[in-house]
Amino acid sequence: MSSKLRLGVIGAGLKAAEYAQSWAAMPEITFVALADVTESSRQRLVDVVTAAGATAPRCFADYREMLSACRDEMDAVYISTPHAFHAEQSTAVAEAGLDIFLEKPMVTTVEEAETLIAAQKKSGVLIVTAFQGGLSPLVLDTCKRAEAGEFGELIAIAGTIWESWASNYGGHWKQQPEISGGGFMFDTGAHMMNTVCMLANSDFERVSAYMNNRGTAVDIVTAVSARLKNGALATLTAAGEGPPGCASYITFFYSKAIVRIDAWGGWREISLEGRPGTREEAEILGNPMKNFLAIRAGLLENTGSVEMGLRFARLWDAIKQSAASDGQSVFIDAA
């Protein structure tokens with residue numbers, strides 16, 4: 001393994017350009033190549049990298065050409081493309097034997113998750129999905145304490161998330177179902193679903209869901225009622241239309257404690273044995289590459305694993321199936 005991570009990039013959009021500002025200045029990183037279908041996006045990322053004093057990466061319009069030309073020069077690939085492309089691209093990168101840092105959500109369906117898992121197991125590469133909540137020290141600490149039994153038995157979960165998403169992303173690819181894989185629940189709401197999947201430490205067993213597109217091509221409002229395999233009950237509400245702003249509030253009801261936390265792991269309150277909790281805060285990750293490097297070095301647990309991605313995908317597929325049948329209950333067979 002190289003002492004300096006030789007990085008390729010697939011998808012040179014705004015998120016990749018934002019991260020590149022800090023990554024290009026990191027001595028542990030060197031940008032080798034990037035691929036994006038849009039020339040202006042490729043040039044923007046090159047400009048960001050060179051402005052930080054780093055060498056300009058090689059540019060490709062097609063990610064497959066990048067993998068073919070630069071496979072032996074790279075250690076890992078960061079993928080930041082519309083959701084519907086994640087499965088094909090990440091599977092190809094895994095088959096090329098390169099580690100992957102993948103923007104959320106991992107994939108759009110259970111079938112895609114299983115295909116990616118098969119490729120990962122065959123090649124043995126590392127795959128990390130870049131959920132801020134999954135990398136948050138507050139979420140990770142909560143997971144450890146819950147698993148150790150400090151909070152007792154998990155009884156119920158109530159999660160909410162909201163954003164002025166419908167107006168914020170009008171005309172954006174996120175509201176084009178053929179490439180987004182879903183609407184507000186699958187985009188911003190994915191942070192809530194992933195944090196719930198992590199902290200619940202259980203697959204979902206049965207789901208009933210309703211969606212309202214509010215006149216758009218994708219879901220804007222989603223309401224979910226569910227039972228987990230560990231017996232806990234859960235309600236999840238995502239409202240993607242409202243006043244300016246974005247926030248979330250997730251409450252985990254245990255037999256000994258009540259834990260309140262946000263989807264990104266930015267804050268937490270723990271009320272233990274009836275004693276009121278105080279708010280703890282953590283900076284929402286602005287540079288998750290440091291966590292990826294730590295996971296790659298074996299210093300942190302991979303909480304963005306393909307297995308966690310499969311749990312998430314099973315929940316999302318069930319939500320879509322139930323909502324399409326007007327809330328009919330869907331059983332998830334995760335055997």
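This text describes the overall fold of a protein chain and then turns to one of its helices, α2. The model is a predicted one.

The protein chain holds 12 helices and 15 strands. Its C-alpha trace spans about 55 × 45 × 40 Å along the principal axes. For 335 residues, a compact globule would be expected to have a radius of gyration near 20 Å, and the value of 20 Å found for the protein chain therefore agrees with that expectation. Of the 335 residues, 57% are buried. The protein chain exposes about 14100 Å², and 50% of this area is supplied by carbon and sulfur atoms. Contacts also link distant parts of the sequence: among those between residues at least 6 apart, 69% join residues that are at least 24 apart.

Helix α2 comprises the 13 residues 39–51. At 1.5 Å a residue, a helix of this length should span 18 Å, and the end C-alpha atoms of α2 are indeed 18 Å apart, so the two values agree.

Which residues of α2 are buried? They are S41, R42, L45, V46, V48 and V49. Because these residues cover an arc of only 160° around the axis, they lie on the same side of α2. The buried residues of α2 pack against four elements, namely β1 (5–10), α1 (14–23), β2 (29–35) and β3 (58–60). On the face turned away from the buried side, α2 carries the exposed residues E39, S40 and A51. After α2 comes G53, which has a positive phi, near 90°.

Definitions and conventions:
Residues are numbered from 1 along each chain as its sequence is written. This is a predicted model: local features need pLDDT of at least 70, side-chain atom pairs count only at pLDDT 80 or more; totals for chains, interfaces and linings use all residues. Side-chain values use heavy atoms; hydrogens and water are left out. Helices (H or I, at least four residues) and strands (E, at least two) are DSSP runs, numbered from the N terminus. The expected span of a helix is 1.5 Å times one less than its number of residues. Buried means under 20% relative accessible area, exposed over 50%, partly exposed in between (1.4 Å probe, protein chains only). The arc is that of the directions from the helix axis to the C-beta atoms. Contact means heavy atoms within 4.5 Å. The radius of gyration is taken over C-alpha atoms; the globule rule is 2.2 Å times the number of residues to the power 0.38. Accessible areas come from the Shrake-Rupley method with a 1.4 Å probe; for residues, only the protein chains shown count as cover.
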